[in-house]
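Me: Could you walk me through some of the labels used for this model, and show how each one follows from its value?

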Amino acid sequence: MGLDFTTNGMETLEHGVITAKVEDVVKWARTRSMWPATFGLACCAIEMMGTGGAHYDLARFGMEVFRASPRQADLMIVAGRVSQKMAPVLRQIYDQMMEPKWVISMGVCASSGGMFNNYAIVQGVDQVVPVDVYAPGCPPGPETLIHAIGTLHGKIQDGELFRRREENGGGAAIEVTQLDGQRAPHPIVLGRS
């Protein structure tokens with residue numbers, strides 16, 4: 001199921017706003033009002049900042065403001081390697097976020113420790129917080145992060161994310177494909193392969 005962000009989104013509801021199920025309206029609203037809390041730790045954070053810039057424009061998803069306070073955020077994007085010293089801080093910020101909350105692991109270092117196979121680096125952020133979507137790459141470009149965000153939106157709206165969380169007993173653990181190419185000659189429209 002692909003998402004097309006070129007429409008205003010109300011067409012995705014089965015009925016009109018007045019006759020739609022409350023659950024569908026809540027899912028729709030959750031996908032259109034995510035506020036990310038950044039957790040940029042390494043080179044992936046530069047790509048995450050680029051995603052918020054004018055060229056890629058996260059504002060079209062209602063995500064233009066990265067929140068400095070975890071109490072105002074419901075999406076954590078862990079961008080880069082997590083050291084053993086930083087792991088308790090990451091968990092504390094996650095615990096302070098409002099429910100429901102989601103986590104995107106951005107980059108191979110956040111997802112598996114990457115090339116840093118040593119005692120100082122956490123070998124996968126899923127040991128600290130439950131991860132819903134893994135965005136691969138070293139570093140993943142803005143296209144891959146937007147693809148991960150679109151996948152997260154789709155899984156929240158169709159209810160699969162909550163089902164996968166119950167099955168896993170933690171995060172949904174959805175893996176997306178890396179969209180190579182740091183330069184996009186034209187605007188990105190999600191939902192097209």
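Reply: Happy to; below are a few labels with the reasoning behind each, and please keep in mind that this is a predicted model.

Me: Let's begin with Glu 143: why is it called buried?

Reply: The relative accessible area of Glu 143 is 7%, and buried means under 20%, so the label applies. This residue has its place in helix 5, which covers residues 142-157.

Me: What makes the pair of Glu 143 and Tyr 56 a polar contact?

Reply: The two side chains meet at 3.3 Å. The cut-off for a pair of N or O atoms is 3.5 Å, with one able to donate a hydrogen and the other to accept it, so this pair qualifies.

Me: How do you know whether Gly 113 is buried or exposed?

Reply: Its relative accessibility is 0%; since the limit for buried is under 20%, Gly 113 counts as buried. Gly 113 sits in the loop between helix 4 (108-112) and strand 4 (133-135). Leaving out neighbours within four places in sequence, its contacts are Val 108, Ile 121, Val 122, Gln 123 and Gly 124. Val 125 is twelve residues away from Gly 113 in sequence, and their C-alpha atoms are 8.1 Å apart.

Me: Now helix 2: why are its buried residues said to line one face?

Reply: The buried residues in helix 2 (residues 43-51) are Cys 44, Ala 45, Glu 47, Met 48 and Thr 51. Viewed down the helix axis, they fall within an arc of 160°, so they line one face. In general, an α-helix has 3.6 residues a turn, so residues three or four places apart point the same way. On the other side of helix 2, Ile 46 and Met 49 are exposed.

Me: What covers the buried residues of helix 2?

Reply: The cover includes strand 1 (36-40), strand 2 (75-79), strand 3 (102-106) and helix 5, the helix that also holds Glu 143.

Me: Cys 44 is one of those buried residues, so to speak of its sulfur: why is there no bond to Cys 43?

Reply: Cys 43 has the closest cysteine sulfur to that of Cys 44, at 4.9 Å. A disulfide needs two sulfur atoms within 2.5 Å, so this distance is too far for a bond. Cys 138 is in no disulfide either, as its nearest cysteine sulfur, in Cys 109, is 5.5 Å away. The count of disulfides comes to zero.

Me: And what makes Cys 44 buried but Cys 138 exposed?

Reply: Cys 44 has a relative accessible area of 5%, and Cys 138 has 58%. Buried is under 20% and exposed is over 50%, so Cys 44 is buried and Cys 138 is exposed.

Note on methods
Residues numbered from 1 in each chain as written. Predicted model: local features only at pLDDT ≥ 70, side-chain atom pairs only at ≥ 80, totals over all residues. Heavy atoms only, no water. Helix = DSSP H or I, 4+ residues; strand = E, 2+ residues; numbered from the N terminus. Buried < 20%, exposed > 50% of the residue type's maximum accessible area, 1.4 Å probe, protein only. Contact = heavy atoms within 4.5 Å. Arc of directions from axis to C-beta.
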